[in-house]
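Please consider the sequence and the structure shown here. The account that follows treats one interface and one pocket.

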Amino acid sequence: DKCVTRLEQLGYRVGQSLVERFTKDSPRFKDELDIMKFVCKDFWTTVYKKQVDNLRTNHQGVYVLQDNRFRLLIQIAAGKQYMEYAPKYLAFPCGLIRGALSNLGMNCIVTAEVTQMPACKFQIIIQKS
Amino acid sequence: MSRQSNRTTDSRKVSQELFTLTYGALVSQLIKDYEGDDDVNKQLDKMGYNIGVRMVEDFLARSSVGRCHDFRETADVIAKQAFKMYLGITPSITNWSPAGDEFSLIVENNPLTDFVELPEKHGNLCYSNVLCGVLRGALEMVQMEVKVWFAQDTLRGDNITEIRLKFIKRLEDALPAGEE
Amino acid sequence: MAVCVSVIAKENYPLYIKTIPTENELKFHYTVHTCLDVVEEKVSSVSKSVNDLRELYLGLLYPTEDYKVYGYVTNTKVKFVIVVETSNTLLRDNEIRSMFRKLHNAYTDMLCNPFYTPGETIKSRSFDKLVLQMMVSEVQS
């Protein structure tokens, strides 16, 4: 879907810039997990006004971020009628994460999954170069 | 009224950096998608229009302003309440035409243009043209047809940023085109 | 103050380099290039020690006879290098730090310009202006 791709690209560019600003005053990150924690806490709070509710990893480069009340879905969360629009709402946030992580040196693929709005899961697969 | 007071203003607010950067990404995407600056300006105006026709309801509900009696009152509401509410700035109102049907908003610290350096090849781009569309769309919903344009823009090397509004006519209570 | 200011991409190619006496440009390119190894070394070795503050400012990378080379690395792995003349004794650590701070802020704003594509050579007018200020004040010192 062209629209989804575009939105993802916009998010990517914004994520690159935002993360540059947000990490300007923080000490250097220790490792990958340190970066993911930063995304779940500081980054998420500035952008979505709350922290990620749950972060899981298989320790092999796959991370799952779960937000039980994702800010961008709250408006359309009543009932199932807007479910088909969810991918369009999530393309930008996926790009945002991908842009932020790529600028921090982690190239990845980010996908989103919704089963019950406004809860949402983002899966991040780190690409090893 | 109760609905209004229950809203916490803070959670509605978007980080300004996020807002500014997202708008920037949108404009640069449009530049990739369209041929020239004029087409991009048109698209931004169109997007703004679509935002404006929806936003006016939200504005009226939250600001509780009543009907404006003349264009001067409208100018006041736009500058002191609408700009304040949505962009956090209060432009000054100047350069009234003798007939009172045209005025300028002088915008300082336009949040849309933080960080922006316009490349020379985009000399015709009205970077913040979305604002013109928003004003046009919103005023159309309250039965005013207006023409809105950027008379000056600091991004293009002018000393000030000036949005000009011209009253065209009062619209009858017909259903606006494009409404679902 | 500075005789050379440079920004290096995370992939270690130069995004920006400005030098004061232009005939020395090549020499500074070389200096900046050789100091990248020192940066890498500092970044990787320091992160292993426990009581590490993991500062962005890396301090003096190495002194040569005529110049002192200072380094700074952002969280996004972009490196800044500032070269000053060894004879310039007025510049202490604090001044160098504050120069890097300013450079970092200017870099961040520059990156946020929607017309800039990350990874491109830096051509921003305001970034240029700030760097020139850092170099021009040398005349007064």
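The paragraphs below describe a predicted model, beginning with an interface between two chains and continuing with a pocket.

The interface is formed by chain B and chain C, where 13 residues of chain B are in contact with eight residues of chain C. The size of an interface is often expressed as the accessible area that is lost when the parts come together. For chain B and chain C, the buried area is about 910 Å², and 59% of it lies on carbon and sulfur atoms. On the side of chain B, Leu21(B), Phe115(B) and Glu117(B) account for 58% of the area buried against chain C, more than any other three residues. The residues of chain B that touch chain C comprise nine nonpolar, three polar and one charged.

Which polar interactions link chain B and chain C? Five residue pairs are in polar contact between these chains, counting pairs with both residues at pLDDT 80 or more, whereas the number of salt bridges between them is zero.

Attention now turns to empty space. Rolling a probe the size of a water molecule over the atoms reveals where such space is left. The second largest pocket has a volume of about 700 Å³. Its lining consists of 27 residues, and those nearest its centre are Pro114(C), Phe115(C), Tyr116(C), Thr117(C) and Glu120(C). Helix H1 (2-22) of chain A and helix H3 (16-33) of chain B also take part, each supplying at least two residues of the lining. Classified by residue type, the lining of this pocket contains eleven nonpolar, nine polar and seven charged residues.

Methods:
Residues are numbered from 1 along each chain as its sequence is written. Chains are lettered from A and ligands numbered from 1 in the order in which they are written. This is a predicted model: local features need pLDDT of at least 70, side-chain atom pairs count only at pLDDT 80 or more; totals for chains, interfaces and linings use all residues. Side-chain values use heavy atoms; hydrogens and water are left out. Contact means heavy atoms within 4.5 Å. Buried area is the accessible area (1.4 Å probe) that two parts lose on being put together, summed over both. A salt bridge is a side-chain nitrogen of Lys or Arg within 4 Å of a carboxyl oxygen of Asp or Glu. A polar contact is a pair of N or O atoms within 3.5 Å; within protein, one must be able to donate a hydrogen and the other to accept it, and residues adjacent in sequence count only if both atoms are side-chain atoms. Ala, Val, Leu, Ile, Met, Phe, Trp, Tyr, Cys and Pro count as nonpolar, Asp, Glu, Lys and Arg as charged, and the others, Gly among them, as polar. On a 1 Å grid over the protein atoms alone, a cavity is a set of points where a 1.4 Å probe fits but cannot get out, and a pocket is an open set with protein on both sides within 12 Å along at least five of seven lines; lining residues have an atom within 4 Å of a point. Grid points are joined across faces, edges and corners, and a volume is the space filled by probe spheres set on the points. Helices (H or I, at least four residues) and strands (E, at least two) are DSSP runs, numbered from the N terminus.
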